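Grab your viewer and work through the exercises below. Each one comes with a solution to check against.

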Amino acid sequence: MEILRYAIYRFGTMLLTLLVVSVLIFAIINLPPGDYLSNQIAELQATGQSAGVAKAEFLRKEYALDKPLWQQYMIWMGFMPGPHGFSGMIQGNFGWSFEFDSPVADIVGDSLWLTVLVNVAAVVFVYAVALPLGVLAAARARTWVDYTTAFVGYLGLATPNFLLALILFYYGHRWFDLPIGGLMAPEFEGAPMNWEKVKSIMVHLIVPTFVIGTAGASAMMQRLRANMLDELGKPYVETAIAKGMAPSRMLAKYPLRVAFNPFVADIGNLLPAMISGSVLVSVVLGLQTIGPTLLTALKTQDMFLSGFVLMFVALLTLIGTMISDVLLVLLDPRIRYEGRGA
């Protein structure tokens with residue numbers, strides 16, 4: 001019951017934090033002078049296209065962009081009625097993309113689940129690689145195993161993701177016949193989900209998962225190795241070995257559990273970091289994720305589209321942080337929690 005109360009408490013703080021983040025996102029998006037429609041109106045007036053100016057002015061009123069900034073925010077979030085009543089983010093209306101001339105929901109619909117899929121696969125790759133290699137490097141410190149894993153780790157950190165993407169883009173197709181670009185074969189785009197489409201997605205995920213997850217796995221492996229070495233040098237390890245405990249059992253029961261804490265705490269930062277860091281990779285590999293969409297929206301000051309994408313990334317961050325907090329409470333008995341916090 002205590003862990004349930006703590007999870008409910010963390011969920012409540014997550015919602016409050018998301019509310020504060022939404023204010024910051026809306027304020028930052030509106031910091032540059034003008035907006036998409038204002039820039040368009042200025043261009044149309046310069047060329048004498050009165051019909052286009054009238055349409056842009058209509059859209060300004062239609063989406064409450066002619067109102068004070070605080071009212072725009074309240075209407076955008078759905079806290080107060082706009083031209084169409086209560087119809088904002090919390091009601092499921094994500095706004096209109098002026099750049100693509102479509103509802104934001106239609107623009108990001110398929111991109112959202114593909115983004116989550118790619119980055120969850122990358123997170124699984126990071127933990128699957130970093131955990132065994134980090135532990136192995138610490139257990140075999142100052143041996144060829146340690147030096148080899150360190151070399152691989154530094155190579156992964158030093159190689160830019162987009163360069164690695166280009167290399168695998170070419171050699172993966174040449175040597176292993178891996179598909180080039182996208183997250184599924186063209187014939188499956190827009191088609192209903194079936195087993196053939198799932199297989200196509202899984203094959204297309206191989207290169208993006210490796211490219212996006214390499215740097216994260218390298219950094220986490222080095223961090224876990226350092227934490228493990230610190231724990232292995234403490235007196236309780238020598239005492240356990242002196243009492244005859246098997247090294248493998250001792251390693252898993254004590255040092256790994258303690259060293260694993262930062263490993264779990266990184267969940268909150270890993271997903272959003274990968275999404276923001278995979279924009280260039282998505283462009284290079286032609287992935288149908290929200291990365292290229294966010295880049296276009298920020299360049300054109302498409303406020304509703306960029307605002308929703310940034311809110312989505314913030315939500316992933318907060319969900320990841322909440323999951324890591326709850327897992328840390330379960331993992332480490334030294335962490336105590338109460339109804340009001342950890």
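Rings of Phe, Tyr and Trp (its six-membered ring) pair if their centres lie within 6.5 Å, with planes under 30 degrees apart called stacked, over 60 edge-to-face and the rest tilted. This is a predicted model, where local features need pLDDT of at least 70 and side-chain atom pairs count only at pLDDT 80 or more, while totals for chains, interfaces and linings use all residues. Residues are numbered from 1 along each chain as its sequence is written, and side-chain values use heavy atoms, leaving out hydrogens and water.

**Exercise 1. Find the aromatic pairs and say what F26 and Y73 tie together.**

Step 1: run the ring rule, and the count comes to 12 aromatic pairs. One of them joins F26 and Y73 edge-to-face, 5.7 Å centre to centre with 65 degrees between the planes.

Step 2: place the two rings. F26 sits in helix 1 (residues 2-29) and Y73 in helix 4 (residues 69-77), so the pair ties together parts 47 residues apart in sequence. Helices here are DSSP runs (H or I, at least four residues; strands are E, at least two), numbered from the N terminus.

Step 3: check burial, where buried means under 20% relative accessible area, exposed over 50%, and partly exposed in between (1.4 Å probe, protein chains only). F26 is buried at 5%, and Y73 is buried too, at 10%.

Step 4: follow the ring pairs outward. They link F26, Y73, W76 and F79 into a cluster.

**Exercise 2. Which salt bridge links helix 1 to helix 15?**

Step 1: search the whole structure for a side-chain nitrogen of Lys or Arg within 4 Å of a carboxyl oxygen of Asp or Glu. That finds four salt bridges.

Step 2: pick out R10 and D325, whose closest N and O atoms are 2.9 Å apart. R10 lies in helix 1 and D325 in helix 15 (residues 303-331), so this pair ties together parts 315 residues apart in sequence.

Step 3: compare their surroundings. R10 is buried, at 12% relative accessible area, whereas D325 is partly exposed at 22%.

**Exercise 3. Describe the start of helix 8.**

Step 1: begin with N194, in the loop between helix 7 (161-176) and helix 8 (195-232). N194 is partly exposed at 36% relative accessibility.

Step 2: look for N194's side chain. One of its polar atoms lies 3.1 Å from the backbone nitrogen of E196.

Step 3: move on to the side chain of E196, which meets that of K199 in a salt bridge (3.3 Å, N to O). The two are three residues apart in helix 8, so about one helical turn separates them. Both count as partly exposed: E196 at 43% and K199 at 35%.

**Exercise 4. Which residues make up the nonpolar patch on the surface?**

Step 1: apply the patch rule, which takes residues with over 30% relative accessible area and no salt bridge, joining like charges within 9 Å and nonpolar side chains (Val, Leu, Ile, Met, Phe, Trp, Tyr) within 5 Å. Areas come from the Shrake-Rupley method with a 1.4 Å probe, and for residues only the protein chains shown count as cover.

Step 2: list the members: F162, L163, L166, I167, Y170, Y171, W175, F176 and L280, with about 960 Å² of accessible area together.

Step 3: assign them. Helix 7 gives the largest share, eight residues. W175 lies in helix 7 and is exposed, at 58% relative accessible area.

Note on methods:
Polar contact = N/O pair within 3.5 Å; in protein donor to acceptor, adjacent residues only side chain to side chain.
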